[in-house]
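Dear colleague,

Please find below the structure that I agreed to hand over, together with its sequence. My findings come after it.

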Amino acid sequence: LRGRGATSQFHSINFVKMKKTFVVLSTLLLALGGSFVQAQTLKLGFVDSQAVLEKLDEVKAANDQLRTFASAKEKELKSEADAFQAKVAEAEKGFQGMTPQMQAATQKELQALQEKLQIKQQSAQTEIANREKQLFEPIQKRIQEMIKQTATEGGYTYVLDKQVLFHSPAADDLSEAVVKKMQASKPAGAT
């Protein structure tokens, strides 16, 4: 039964991937139909965007910055969570000796502290997501620009991501050319 669920999940993931690929290829074929009618030469290329990202120093630097930022947030939250746990332990020790009014007040205080901690955790997650966007959005824009430049220089009509292709000739892989362009041109603000 357990294996069956994993297989079902695997098939579900493959189905979604195949559906995405089908939509992309269908759209491409519709677009290509117009190209053939106009008797234009069609040249397809592809980029392995994951491989491009893995080879760029600026991506590694952005990942390091994000890890440092997330680690600082995690440390800050751990400190507050530890303080909360200490208050809970203290309250549990003295709970039996409290009057019902004191017990209710202590429970209310602990609940308010827990809610405050949850809000801070959500805020930290949002801050990390915003920082990630701030770090990676310019890199993604530069990659797109370099793909366009590489495609134009190579006379490519369309450039797809390798993840949506079942098969493609290695000669049409523009990934290394894009990496070289990225490494040759410095991002804005870099020295």
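The notes below describe what was found, taking the helices, the cores, the salt bridges and some outer positions in turn.

Please bear in mind throughout that this is a predicted model.

Helix 3

Helix 3 is made up of 38 residues. From its first C-alpha to its last it reaches 55 Å, close to the 56 Å expected at 1.5 Å a residue. The buried residues of this helix are Glu58, Val59, Ala62, Leu66, Lys73, Leu77, Phe84, Val88 and Ala91. The list includes the charged residues Glu58 and Lys73 alongside nonpolar ones such as Val59 and Leu66. What covers these buried residues of helix 3 includes helix 2 (49-55), helix 4 and helix 5.

Nonpolar cores

The largest nonpolar core holds 18 residues, and those touching the most other members are Val52, Leu56, Phe136, Ile143 and Val178. Two or more residues are given to this core by each of helix 3 (57-94), helix 4 (100-154) and helix 5 (175-184). Helix 4 supplies the largest share, seven residues. Val178 may serve as a point from which to inspect the region: leaving aside neighbours within four places in sequence, Val178 is in contact with Val47, Val52, Ile143, Met146, Ile147 and Thr150. Apart from this core lies another, of five residues, among them Phe84, Val88, Ala91 and Leu110. Of these, Phe84, Val88 and Ala91 also appear among the buried residues of helix 3.

Salt bridges

How many salt bridges does the count come to? The count comes to eight, and three of the pairs are described here.

In one pair, Glu58 forms a salt bridge with Arg142, with 2.5 Å between the closest N and O atoms. Because Glu58 lies in helix 3 and Arg142 in helix 4, this pair ties together parts that are 84 residues apart in sequence. Both partners, Glu58 and Arg142, are buried.

Another pair is local. Asp64 forms a salt bridge with Arg67, the closest N and O atoms being 2.7 Å apart. Both residues lie in helix 3, three residues apart, which is about one turn of the helix. Is Asp64 exposed or partly exposed? Asp64 has a relative accessibility of 43% and therefore counts as partly exposed, whereas Arg67, with a relative accessible area of 53%, is exposed, the cut-off for exposed being over 50%.

A further salt bridge joins the side chains of Glu153 and Lys181, at 3.0 Å from N to O. This pair links distant parts of the chain, with Glu153 in helix 4 and Lys181 in helix 5, 28 residues apart. Glu153 has a relative accessible area of 60% and so is exposed.

Two partly exposed positions

Gln183 is found in helix 5 and is partly exposed, with a relative accessible area of 49%. Leaving aside neighbours within four places in sequence, Gln183 is in contact with Lys55 and Leu56. The C-alpha atoms of Gln183 and Glu58 are separated by 8.9 Å, although the two residues are 125 residues apart along the chain.

Lys116 belongs to helix 4 and is likewise partly exposed, with a relative accessible area of 47%. Between Lys116 and Glu80 the C-alpha to C-alpha distance is 9.9 Å, and the two are 36 residues apart in sequence.

With kind regards

How values were computed: Residues numbered from 1 in each chain as written. Predicted model: local features only at pLDDT ≥ 70, side-chain atom pairs only at ≥ 80, totals over all residues. Heavy atoms only, no water. Core = buried A, V, L, I, M, F, W, Y, C linked by side-chain atoms within 4.5 Å. Buried < 20%, exposed > 50% of the residue type's maximum accessible area, 1.4 Å probe, protein only. Helix = DSSP H or I, 4+ residues; strand = E, 2+ residues; numbered from the N terminus. Contact = heavy atoms within 4.5 Å. Salt bridge = Lys/Arg side-chain N within 4 Å of Asp/Glu carboxyl O. Expected span 1.5 Å × (residues − 1).
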